[in-house]
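Reader: Could you take a close look at the backbone of this chain, and in particular at the peptide bonds and phi values that stand out in its loops?

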Amino acid sequence: MPVHDLVIRGGTIVDGGGGEPRIGDVAIDGRTIVAIGTIEGRGREEIDATGLIVTPGFVDVHTHYDCQITWDERLMPTSHHGVTTVVMGNCAIGIAPCRPEDHDLLVTVIEGVEDIPEAVLTAGVPWKWETFPEYMDFIEGRHADIDFAAMIAHAPIRVYVMGERAARRELSTQAEQARMTQLVAEAIRCGAVGVSSSRTSAHRTTGGDLAPAETSTEAELMALARGLKDGGGGVFEINIEFADADEGEESADYNLLRRAVKASGGRPAYFLLMEFARQPTLWRTLLELNAQANAEGLPIKGEVMPRANGVLWGLTASHHPFSLNPSYRAIADLPLAAKVAKMRDPAFKAKLLAEAPAHRNPVLVVMAKMFEQAYALGDPADYEQPRERSIGGRAEALGVDPAGLAYDMLLEDEGKAMLYLPSTNYLHANYDCVHEMMTHPDSLVSLGDGGAHYGMICDASYSTYLLTHWVRDRTRGPRVTLPWAIEALTSKPAKAFGFADRGLLAPGMKADLNLIDMERLTLPGPEVVSDLPGGGSRTIQRAKGYVATIVSGEITYREGAPTGALPGRLVRINQQDRVMEKVAELERA
C-alpha cells in the first residue's frame, strides 16, 4: 500500500465546488492532493477529522499586505481565519514602482489611505527595489504562513511616471499614459494578478488631500486597461463611488467601467459593492447593471463584505468619536491608564463634550459625528445588532445624552472597550441587503482589507463571520448553506482571479485545506497588540474552532496557534487566459 505524507481521515468534505458534503479521507503528497475518498494506504502523519468539516483553503482577493509582507512572515490577522491565499495591491495603493526620491510621498499616501503609521512604514519597509518586477523578485524571496499574489497599483504608477505632478493630481499627457500602459503590461508579464485603481473621495493623504489616483481622467484609466491587453491577462480592480447614479438611471461611472473592460480586451473587472446611506438604492442598480454587462459578455462583478464595512473606535484605536476634539488631542499620547484617569474627571468630560471635532480630512470628521449609530461590539463579536442597542437607541431608552453615553462606554474595561460603527450595509440595522448582494451571481464575497487600517478596521475575519453568522447563527433573516459559503470563500474567488491550482478539494489540486469544528467556531472581539516595526500597534481578531490550517501540504496552524511552518510563497500568474482554460478543464474532468 502507498505511504502518503499526510492523510486526513473521516472528515466531512465540503469540496468548494458547491456540491453536498460527504464523509471521506484526503491524501496529500508534498504540495498536492493525490486522492479523496477511502484511502487504504497510511500516512506518515494522520489527522482524525471525525466531526470536522474539511474544506479548501480560503482565498481573499482584497487585501493590502504589500508593505507587511516585506517585514512580516505571518500575514495576520487574515491567516487566523482559514485563508491560505491573498491578493494584495488593491484600491490603487502599493509600494512599487517607486524611485528613492518618492518614498516619502508614497508613505504619506499609504499612511493616510490605509492607516499604516509613518513610523511603522519607515521602520519596516526596506525599499530594496524600484521597478515592479524588482519588487516581485524581492517578495519572491519572502516566506510566509500563507501564499500571496500582487496587483500593480495606480498611485505608485502615477507617481513613478509623473513625480510631484501626480500628487498634485495634474492631468497626465498622452506620452505619460503610454508609459503607464507599458508599466502595467510589464507587471502582468512578470506575474501580477492585475491592476488596481480608485476614484473615491474617501482616499486622502495624511494632510487631507485626495490621493494621487482619485481624480485621474478616463484616458488614464483606459491606459491602465490597455496594459492588461498588452500584457496578455490580469484583472482590473477599482474602488469607485458611482456618485452620478440617480435612482433607476445608468451611471456614467459604470459606463466608464464597461469601456475599461473593452479596452483591456475583455479582462474581468471588480469593484467594491455596498449599501450607502446617501445612495440607498445604488447597490440594487449596480447589480442590475452587472447582470446586463455579463449578459453582453463584459465580465464585471462587485466585491461584497458579508457584514457592514465598519470602523472600530476605542482609546487604544486610531480614532474614536472624540479623538478629533482639541481637549482630547492634548492627552492623546498619555499612557492608557493616565488617559482614563484624566477622562474620568467630570470637568474634563464637560469641556471635551462641549467641543466639536476638527481635522484636515473631512471623512474623519463626518465619521466622528456618526457616533450615535455605533454600538458595543462585545465578545463574541456581534455585528448585526438591532437599532435599539446602538448608542443612540440606548441613550433614548435611558433618557441620557448620547455623547455622554458614548464617552462613558469608551472608559469601560479600563479604557480597552471597543465601539463599532457600521458605516455601510446597515441602513436598516440588518443585513438583508447584504444577503441579496453577496448571493447575486455577479458578486464575490471579499473585502477583508488585511494588512491595512491597523487602528480602525479589522474586517479580515469575514470568512469566519460568514461561517458562524450566515451559515449557523443568524436568526433575523435568511441564511446561506454551508456548501454555498465554502464555494464563495474558495473556488469562486480562485476562478475569478485566475488561480487554477487551488480552491477545490480534488486530486491534482494544491494541498491548501482547513479542518474546522463548526460547533466550536467562534469569533471573539478584536484586540490591540503592539507588534509592528517601530513599536507600532494594530487591531487583530483571532478565531476559535480552526483545528488545523494546511498550506502546500504543511500544517501552519493547530487550534489557532502557529506551528512555525512558513510554506507561503509569492504566486505569479502569467497569461491568465491559459490559466482559465486549465480551470475549465478541471471542471469538465
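Author: What follows is a look at the loop between S7 and H1, with two other loops set beside it.

This is a predicted model, in which local features need pLDDT of at least 70, side-chain atom pairs count only at pLDDT 80 or more, and totals for chains, interfaces and linings use all residues. Residues are numbered from 1 along each chain as its sequence is written, and side-chain values use heavy atoms, with hydrogens and water left out.

Helices (H or I, at least four residues) and strands (E, at least two) are DSSP runs, numbered from the N terminus. In the loop between S7 and helix H1 (103-114) lies proline 97, and the peptide bond that leads to proline 97 from alanine 96 is cis, with omega near 0°. Alanine 92 also has its place in the loop between S7 and H1; its phi is near 75°, a positive value in a residue other than glycine. With a relative accessible area of 0%, alanine 92 is buried, a term that means under 20% relative accessible area (1.4 Å probe, protein chains only).

Proline 77 belongs to the loop between strand S6 (58-63) and strand S7 (83-88), and here the peptide bond from methionine 76 to proline 77 is cis, with omega near 5°.

Elsewhere, in the loop between strand S17 (443-445) and helix H18 (462-473), one finds leucine 447, whose phi is near 75°, a positive value in a residue other than glycine. Leucine 447 is buried, its relative accessible area being 3%.

Conventions:
Buried < 20%, exposed > 50% of the residue type's maximum accessible area, 1.4 Å probe, protein only.
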